[in-house]
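Reader: Could you walk me through how this protein and its DNA meet?

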Amino acid sequence: MVSTGRLNDMTVKKSFDLRVYEAVSQIPSGQVATYGQIAELIGAYGCARQIGWSLKRLCLPSTIPWHRVINAKGEVSMSISREGTDWVQIDLLKREGVFIDQELKIQLRRYLWKPDLFKDSE
DNA sequence: GACTTGACATGGA
DNA sequence: CTCCATGCCAAGT
């Protein structure tokens with residue numbers, strides 16, 4: 001809910017993170033979603049990078065299935081900055097039954113989450 | 001306060 | 001399919 005009243009910067013940022021977390025929480029086990037999907041879902045199309053930042057802030061005390069968020073290439077985003085949490089993500093996905101090949105490629109065709117939002121509108 | 005980087009996406013070559 | 005350029009926004013320097 002975006003109120004018309006003016007909010008502090010912290011509040012705005014916080015709400016953004018919260019929206020990200022809520023969207024991510026909706027991803028069912030055994031499925032994955034892309035950063036772009038999440039961004040579009042919270043009404044921030046094109047802001048995929050911010051999704052990554054939001055998740056980075058959270059990560060550790062995660063009741064959120066952050067590991068189900070991957071990039072559009074169908075691969076877990078690997079980065080030295082993550083201190084190996086990327087590999088943890090891969091492990092978690094595998095435990096949920098998501099098959100990942102040697103190239104770290106995931107079949108989006110098969111595991112990509114389909115939000116209820118659109119359904120059969122088209 | 002400007003410049004560079006980064007857990008990204010999309011479209012054209 | 002891969003590589004390059006552009007857009008987006010926040011954080012670090």
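Reader: How many nonpolar, polar and charged residues does the surface near DNA strand B have?
Author: Happy to help! This is a predicted model, where local features need pLDDT of at least 70, side-chain atom pairs count only at pLDDT 80 or more, and totals for chains, interfaces and linings use all residues. Residues are numbered from 1 along each chain as its sequence is written, chains are lettered from A and ligands numbered from 1 in the order in which they are written, and side-chain values use heavy atoms, leaving out hydrogens and water. Ala, Val, Leu, Ile, Met, Phe, Trp, Tyr, Cys and Pro count as nonpolar, Asp, Glu, Lys and Arg as charged, and the others, Gly among them, as polar. With near meaning a heavy atom within 4 Å, the surface has eight nonpolar, eight polar and three charged residues.

Reader: Which helix supplies the largest share of the surface near DNA strand B?
Author: Helices here are DSSP runs (H or I, at least four residues), numbered from the N terminus. Helix 2 (35-41) and helix 3 (48-58) each give at least two residues to this surface. The largest share, six residues, belongs to helix 3.

Reader: What lies 2.4 Å from a polar side-chain atom of S79?
Author: Polar contacts to the strand are pairs of N or O atoms within 3.5 Å. Y35 places a polar side-chain atom 2.8 Å from a base nitrogen of DNA strand B, while S77 has one 2.9 Å from a phosphate oxygen. For S79, the partner at 2.4 Å is a phosphate oxygen of DNA strand B.

Methods
Polar contact = N/O pair within 3.5 Å; in protein donor to acceptor, adjacent residues only side chain to side chain.
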